[in-house]
Amino acid sequence: MSIILNIETATTNCSVSLSKEGETFALLEDNSKQYSHAERLHVYINQILEENNIKSSQIDAIAVSKGPGSYTGLRIGVSAAKGLCFALDKPLISVSTLEALARQVKEENGLIIPMLDARRMEVYSAVFDANFNTIREIEAQILDEQSFASYLEKGKVYFIGNGVEKTKGLIQHENAVFIDDKLPSANEMSVVAYNKYKKSDIEDVAYFEPYYLKDFVALKPKKNS
């Protein structure tokens, strides 16, 4: 029996779950519009363990959402996960934020495009089939009217995440289905983390870094008038 602590902080949702054999049995999260990770994350971790009578020594692994997402949010989550791994001598598992988000969609057919808001008209996105196999890897892309056109011509496409609001105003296609107000959650991390745990697909705790993806753009300084 494996118990995994899952930590999700890539967006404003501060989310923690406990899972057994890939099934979530406890979840605590603050699914609000404000970042509260610094204040709540360690409180949630302690609370979820206490409420479920789980000692930290009973955890078999710690899984963390690796990004893409908020720079500060990811740093807080990864730092907490690495600290626990060092203290408890447990393996670290990284979970793609977009794959976990995609798993909130339960459909038998079609494609799933999880997307997280980036700057201006940019989003982080990936493409999965209904069985959550990767069709297109994660990219940072600027949206326009032709975005995802090749996928939309083939059938239903389910867009999910906080990047959906931008997308709805641009894409007008009968095959587009928009799922609003959804953020990544530690709930859907459970099955992904367990599958990686079974294969010993773990990270080097000392050297692991979040997957930020976003390029830093140097702007020319404005001339003083």
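**Exercise 1. The end of helix 6**

Find the residue with positive phi that follows helix 6, then work out which helix 6 residues are buried and what they pack against.

*Solution.* Start at the end of the helix: helix 6 is followed by S200, whose phi is positive, near 55°. Helices here are DSSP runs of H or I with at least four residues, strands are runs of E with at least two, and both are numbered from the N terminus. Bear in mind that this is a predicted model, where local features need pLDDT of at least 70, side-chain atom pairs count only at pLDDT 80 or more, and totals for chains, interfaces and linings use all residues. Residues are numbered from 1 along each chain as its sequence is written, and side-chain values use heavy atoms, with hydrogens and water left out.

Next, step back into the helix. M189, S190, V192, A193, Y194 and K196 are buried in helix 6; buried means under 20% relative accessible area, exposed over 50%, and partly exposed in between (1.4 Å probe, protein chains only). Finally, look at the partners: the buried residues of helix 6 pack against strands 1, 2, 3, 4 and 5 and helix 3, where contact means heavy atoms within 4.5 Å.

**Exercise 2. A hairpin and a lysine**

Describe how strand 2 and strand 3 are joined, and say where K20 sits.

*Solution.* Begin with the pairing: strand 2 and strand 3 run antiparallel and are joined by seven bridges. Two strands pair if DSSP finds at least two bridges between them. Then look at the turn, where two residues separate the strands of this hairpin and E21 has a positive phi of about 50°. Now take K20, which stands opposite E23 in strand 3. K20 also lies over the face of F25, at 5.4 Å from the ring centre; the test is that NZ of Lys or CZ of Arg is within 6 Å of the ring centre and within 35 degrees of the ring normal.

**Exercise 3. The largest nonpolar core**

Which residues have the most contacts inside the largest nonpolar core, and which helix gives the most to this core?

*Solution.* The largest core has 24 residues, and L5, I7, L18 and I48 have the most contacts inside it. Such a core is a set of buried Ala, Val, Leu, Ile, Met, Phe, Trp, Tyr and Cys residues joined through side-chain atoms within 4.5 Å. Strands 1, 2, 3 and 4 and helices 1 and 2 each supply at least two residues of this core. Helix 1 gives the most, with five residues.

Zoom in on I7: leaving out residues up to four places away in sequence, I7 touches residues including L41, I45, I62, V64, L84 and M189. Apart from this core lies another, of 15 residues, among them L111, V127, L143 and F159.

**Exercise 4. Aromatic pairs**

How many aromatic pairs does the structure hold? Characterise two of them.

*Solution.* There are three. Rings of Phe, Tyr and Trp (its six-membered ring) pair if their centres lie within 6.5 Å; planes under 30 degrees apart count as stacked, over 60 as edge-to-face and the rest as tilted. Y71 and Y212 are stacked, 4.7 Å centre to centre with 25° between the planes. Y71 is in helix 2 and Y212 in the segment after helix 6, 141 residues apart.

For F159 and F178, the centres are 5.3 Å apart and the planes at 20°, so this pair is stacked too. F159 belongs to strand 9 and F178 to strand 10, 19 residues apart. F159 is buried at 0% relative accessibility, whereas F178 is partly exposed at 23%. To finish, ring pairs link F148, F159 and F178 into a cluster.
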